[in-house]
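Here are my notes on the ligand site. Please read them with the model open.

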Amino acid sequence: MYKEAGKTKFQIDLRQHLRSQNLSGNFIHLVCEIAEASKYVVNSIRTGDLGVAGTSNLYGEEHVTLDVLSDRIMQKRLLHSGVVSTIASEKTDEIVTISSNPQGLFSVVYDSLDGASLVELNLAVGTIVGIYQGNDLLQPGRNMVGAMYILYGPRVSLVYSAGKGVFEFTMNQLMEFNLTREHISMSPSANIYSPGGLRAKYSPQHDRVINYLEDKGAKLRYSGGFVADINQVLLKGKGIFMYPGLQDAPQGKLRLIFELNPMAFLVEQAGGAATNGVTPILDIVPEVLDQRAPIYIGCREDVEKAAELLGAG
Ligand code: AHG
Ligand code: MN
């Protein structure tokens, strides 16, 4: 559920909304800079212009793949934002220190274009961002001060939370983000489920979770794009997304820091839950940057039921 944002003739844009939320100027600037960066990503996706970020490649400049280009766009924006002390990207898997004095600054982790290979199939892809105060990126997700994603689908939408609820903005024809949903909240029980991974490699315990969801009549909804699949679970408010540990990959496929923590932050803010089957995702203490974890995320009742079935030995 959510409250449809007031349909007035004066739309509330992203910056106006953020200013109404009693947030720090640096945080507002950071979110707006990431929103600005997404416009270049949109342009590259829509036009296939893979020139160097922001310029045409008519003169034979280096062609880069979309995910490399979007990573450069995000990194350039964050480096020059003036409010970021440390960054880490899923694509480069390294920590870049921008400022040695993290006072008043943020650390940002991001997956610049999750599901990038889906663009050539014209399926929805997205940017995922996690925000910490200070310069320590290997903290549990519970310590984040904000998280957001931008979903490049039939519409371009931006969903964020700074710990005071979850809000959605939709890009208009002028590429401005206007508030379209506020205080997004999830129902306790799911009627759709997204089963990642390969059935033949499921554990017997995970099979039990799938059977429980099928027995309650939940419908399978899976696009293969994490951001689109999570967005569907969050906005419908009646879903659970899973990417389990597999027989040959017990930690699953998705990355804790760049993918799972930001989404778990948003879903918990909307009244949902997220677990690796044993521990809430946000309480996992990361050891390495590219750490993976199994994920069950969405409606609280079903996430709790999944943990129970997984732990039932
Ligand atoms: P990435 O493009 O960052 O590697 O992420 C792709 C992920 C994620 O988008 C999605 O949930 C998952 O791959 C789908 O994996 P399967 O194709 O194995 O279902
Ligand atoms: Mn990813």
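Where does ligand 1 lie relative to domain 1 (9-181) and domain 2 (192-310)?

1. Ligand 1 lies between the two domains, because both give residues to the shell around it. The domain bounds come from an automatic or database domain assignment.

2. This is a predicted model: local features need pLDDT of at least 70, and side-chain atom pairs count only at pLDDT 80 or more, while totals for chains, interfaces and linings use all residues. Residues are numbered from 1 along each chain as its sequence is written, and side-chain values use heavy atoms, with hydrogens and water left out.

3. The shell holds 15 residues (near means a heavy atom within 4 Å). Asp-114, Gly-115, Tyr-222, Tyr-243 and Lys-253 come nearest.

4. Check the polar contacts (pairs of N or O atoms within 3.5 Å). A backbone N or O atom of Gly-115 sits 2.7 Å from a ligand 1 oxygen. For a backbone N or O atom of Phe-226, the distance to an oxygen atom of ligand 1 is 3.1 Å. Tyr-243 uses a side-chain N or O atom, 2.7 Å from an oxygen atom of ligand 1.

5. Taken alone, ligand 1 exposes 480 Å², and the protein buries 74% of that (Shrake-Rupley method, 1.4 Å probe).

Key. Chains are lettered from A and ligands numbered from 1 in the order in which they are written. A polar contact is a pair of N or O atoms within 3.5 Å; within protein, one must be able to donate a hydrogen and the other to accept it, and residues adjacent in sequence count only if both atoms are side-chain atoms.
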